Amino acid sequence: MLFRVLICIILSLMQNVCAKEPITPIPLTMDLNPDKVALGQLLFEDKRLSHDNTIACVSCHDLAKGGTDQLSHSIGINDTEGDINAPTVFNSGFNFRQFWNGRAATLEEQVHGPIHHPKEMGSHWIEVINKLKKDQAYLKKFKALYPQGIQIQNIKEAIALYERSLFTPNARFDQYLRGNHKAISSDEKKGYTLFKQYGCIACHQGMNIGGNLYQVFGVLNNYFEQRGNITQADLGRFTVTGKEYDRYRFKVPSLRNVEITAPYFHDGSAKTLKEAVDIMAFHQLGRTIPEHEKQLIVIFLKTLTGTYQGVLLK
Amino acid sequence: MNKIFTNIVTVLSVILLIFLYQKTQLVDTEQHNQVISTLGTLKQLEAVWINQVLHSRLALNNNYDAMADTWITLETTHQRWQDFQLKRIYGENIAHAEYQKTAYLAQITKRREYIEQFKSVNAILSNSVRYFPTAVSELMRLEDTKLLVGDVNALLSAVLRYSLLPEKETQIQKLIDNLQEKGALSEQDIRSQINIIASHARTILKYRPYIDAILEQINILSTAQKIDLLTTTYVNLQDARLNESTPYHQMLMVFSGLLLLLILFIAYRLRVSYTALNRANQQLKTANDTLEQRVTERTRILSHTLEQLKDSQMQLVQSEKMASLGQMVAGLVHEINTPLGYVKSNIQLIQTIFSNLKHVLQEYRALIVNIPDHISNGKKLKTQIEEFDELKEDDSTGEELLKDALYGLKQIFELVINLKNFSRLDLSNISKVDLHEGLNSSLLIAKHLFKNKITINKQYGDIPKVKCAPSQINQVFLNLLTNAVQAIENKGSIIITTRVKNDHVLVLIQDNGKGIPKKVLPKIFDPFFTTKDIGEGTGMGLSISYKILQEHGGNIEVTSQEGKGTTFTVSLPTGI
Amino acid sequence: MSKNATILFVDDEERILRSLKVLFKSSYNVHITTNGNDALDIIKQNTVHVIVSDQRMPEMLGVDLLHQVKEYSPNTVRLLLTGYSELGAIVSSVNKGEIFRYIKKPWDNDNIQSVVHQAVRIGGELFNATPPSVPVSHSEKQKMGILVIDDDIEIYRMVKEIAEPQYRVTQGLTMESAINSITHQNDIAVLISELSLAGEDMSLALKMIKQHAPNLVILVLSKVQDADSLISLVNEGKIFRFLLKPVRKELLERSLNSSIQHYLSTQENPALLACEIVEKTQKGINSGLFKRITNLFS
């Protein structure tokens, strides 16, 4: 017992000593089966995954638009407007759960959601598999990689693997974390300091700068009362657990590439980073941030934009 | 006709033999071991996980990545467990185990929900606690806030104390209201800053008890016991399986015997006409013999491996614990000594500066007396000097404070040295060690256990240095001291005696506690034997101590009288 | 104290540097840096009398820095200042860095001042000394003796194989006979010693031998020791090499050669002996062993 206490104390001190910055850089490389990733990409871009062959995953997660559709709410089949803002697919593999309300534990599990959602792809596994099986090229590719051929499990795995390959290392801020002190300007460093001082870091931390815990939207000042017009999507995790505690509780989103993934929040209500910082400061931290400091935080956030396949995202 | 009958009997006998043989082969030890080790992994992972929670609470973990990763590893491990074909390994009787497993999974899921809650709440609470002092200083920086100083400071210290200690909240509530009342008539910017302070204070008021409650739930929901129960269940199932095969084994023997008689009988009756059959029977008989031999041999090996496995698992866990402790201490000592270095140096420097300054002031004081009031600022200077004389009292206090600070640093340094001596990573190999040093380190580390309850009486003799691994021997000492403390219910004393006897050094640790009952005494060195409640002790301490001493060529003995006390005698050879 | 002397502090913790700078700036030109590479630049551009370096630093370890300093500026006296005594680091600080002293954090201001003052004085002497022009002749070399203080016959044999017939190799099997050899044979240049001899700890004896005869080069050959006793062997015994048993022959040969080289250079240039000064032993000064050794020397 005593030993355990002693070990606890020492371990905690060590942790303190070793992990100095609360944010850690994204690994530069990842070991994924390239054939499966290629297959995943085909599926990700294939409109046959939707009921009327109009929508692919890539429709709302466009790599040229920061892995999102840059809309407040996404547009699904039959031009239906969805209920929620599409989160970026970039770095989604590093999130601890998927969806704004965290209802899927893994990317594999996540694939199921949009395919079946009536306002998104409005399809069904049986329909999807039937369509894919008519394509000789798919039959061949699946057979080569999966002995059982085209199956739900394998489609999920291939897409998830492709999504895992969509990570964005080497942001200027990551270069700074790796020891290149010239990678960011002194103003940007100031912004980072303010980011920590104001307490943004309390939730936006770790490798993905978020994406590893749930938090209520409106910790200190109620957001939804002020915005009004509360929808099902606003309830957050409540819709998953049914617990009052989880009302308005969301997965804290990653801030990586945040510069290019506007509009912000699950409802896409903030159009600019400045607006988003304002809302966060008031509702989550109960504070107002002076104009020039806000400016510094925003320019810090812009250093988080990473590269995909060696090219800086735009 | 007779021939057909004989054929049928032979075939049936062979089938029965194969059946019995297979029944004795039921037990799958390898798979069983994998199941048990998976459970062990789960237990360890959970310990790691809870550790991470505690670090986050103490603001020592600055992100939640590690916690999230641990959960993912836990889930993978759960999956591995699900993938075992438990029915094949343990037979059909696993309903109870499955029930326990479901209960475990339900509990850990629940625990995880609380941990998710913890992460959310902890983020909010730690942010408010961290920001609070800044908020206060931001308020004080505004103009016309002097009147508020007292109230604000009272609130600040109350809130900071509250954030760490379980104290009453009504007082803080009052302080908040008070501050808001006083500030009600001030300027807009002061009012809004006060409101910010009040809202953060309320956040801390709201979330500190909340997080305590969550942590308590997390603690209550510990699944270690459930895993232990499951381990026992699986081990019992495995034992049952071993037992199950025993009757078949006996049946196999009886049946072989009967078969033999039958064969002899038939052979006797038909020895001439059925020589061919006789030969076949002979072969069958030899086959039976080897079969039986293999069965016995196998059972013996199985139970032996099982014993060994239990033993090595226990030792592995222990040695890993010690190794990681040593490494942690190494890093820790370095990291503490660095700041300690400059703090000590700086205080010494300030001491010198302080005394120089005092000296200069003294000179100054002597000089100033001679300056007439009207020349330059003579009068003003004299007043200042008078003021300084009034401060003289504080002057010497300043020196005292610096001395105290140095004394405190020395104490910290000694603690670090002791911690290092205790684990002694640099002495991983066996070397000559002063046992008194080890005893003193262990006493210091166990100091908080004694409190006012126990007096320590050291009767150290003149003993030579002993060849041993200090970290292990210290562990034995600490263990025995802890046991002694736990044996003493109210007040008591522990006597530590060292002396040489023949070619051995003896260390006696004697308490006047409740003693050990006679019937229990022979069992106390057995692994997993404990008299403590579940969760309080592992029951491994004494058996590990025993093992450590055996490895050192030494011994540990116990004498005890119920109601009077217990004496443990550790002996280590002095020779090389 | 002249302010002509220059000292350099290297530590990755700036607060340590600030504190040391305040402590020493009135007496010396003080350079500070948090980075090993910068330290080397400073060494190359200035005459630095003393360098005090931390061991654990992110870019370059203290011993590696001191090793390079020894190459670039052999006259700079090298000190290691560190918070955790890790055995490996101490061994390489002896063997690679040939450091003058090992100072533990937290230090005592009086203590560090006196050590640094001493080092500065020595550094000054080293920089001022002119290397002699006459090389030592071969005949002088032959007279040199090597004393092996170890009851391990294997080691004695190995040393004989390496050094004979060029040098005279003798063996001391007890503390008495070893000290006797040293006091009576004035040709001994190198001591190769185990730390435990016939069950007795040789550390104290070695320290006193070094006090008695600073020109002797001590090469310790032993099993794993604890860090603290090794530090005291550096500070109070000024051991030249520390080799862990079991030792390979090539390594022993290399170390022995450096030891002889070191001995020769102090013979040629006695100013170098300034570096061989040791701290007076504090521990065990009242023990019976201490008296016994003192008697052996008288």
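These legends describe close-up views of a predicted model.

**View 1. Confidence along chain A.** The predictor's confidence is uneven in chain A: the mean pLDDT is 89, and 94% of the residues reach 70 or more. In residues 1-19 of chain A, however, the pLDDT is below 50. This stretch still has 38 contacts in the model beyond near neighbours in sequence. Where pLDDT is low, the predicted coordinates should not be read in detail.

**View 2. The ring pair A:Phe142 and A:Tyr146.** Over all chains, the count of aromatic pairs comes to 23. One of them joins A:Phe142 and A:Tyr146, with ring centres 6.0 Å apart. The planes of these two rings meet at 35°, and the pair is therefore tilted, since stacked pairs have planes under 30 degrees apart and edge-to-face pairs over 60. A:Phe142 has 0% relative accessibility and counts as buried. A:Tyr146 is buried as well, at a relative accessible area of 4%; the cut-off for buried is under 20%.

**View 3. The ring pair A:Phe195 and A:Phe300.** The ring centres of A:Phe195 and A:Phe300 lie 5.0 Å apart, and their planes stand at 55°, so this pair is also tilted. A:Phe195 belongs to helix H9 (residues 186-197) of chain A, and A:Phe300 to helix H13 (residues 291-301) of chain A. With their positions 105 residues apart in sequence, the pair links distant parts of the chain. A:Phe195 and A:Phe300 are both buried.

**View 4. An aromatic cluster in chain A.** Ring pairs join A:Trp100, A:Phe217, A:Tyr223, A:Phe224, A:Tyr248, A:Phe250 and A:Phe265 into a cluster. The members include a Trp, A:Trp100, and Tyr residues A:Tyr223 and A:Tyr248.

**View 5. Arginine over aromatic rings.** A:Arg103 places its charged end over the ring of A:Phe99, at 3.7 Å from the ring centre. A second view of this kind shows A:Arg247 over the face of A:Phe238. Here the distance to the ring centre is 4.5 Å.

**View 6. Chain B.** Chain B contains 15 helices and seven strands. Of its 576 residues, 42% are buried. Among contacts in chain B between residues at least 6 apart in sequence, 76% are between residues at least 24 apart. The accessible surface of chain B is about 31,900 Å², and carbon and sulfur atoms account for 57% of that area.

Definitions and conventions:
Residues numbered from 1 in each chain as written. Chains lettered and ligands numbered in written order. Predicted model: local features only at pLDDT ≥ 70, side-chain atom pairs only at ≥ 80, totals over all residues. Heavy atoms only, no water. pLDDT = per-residue confidence, 0-100. Contact = heavy atoms within 4.5 Å. Phe/Tyr/Trp six-rings, centres within 6.5 Å; stacked < 30°, edge-to-face > 60°. Buried < 20%, exposed > 50% of the residue type's maximum accessible area, 1.4 Å probe, protein only. Helix = DSSP H or I, 4+ residues; strand = E, 2+ residues; numbered from the N terminus. Lys NZ or Arg CZ within 6 Å of the ring centre and 35° of its normal. Areas by Shrake-Rupley, 256 points an atom, 1.4 Å probe, with all protein chains shown as cover.
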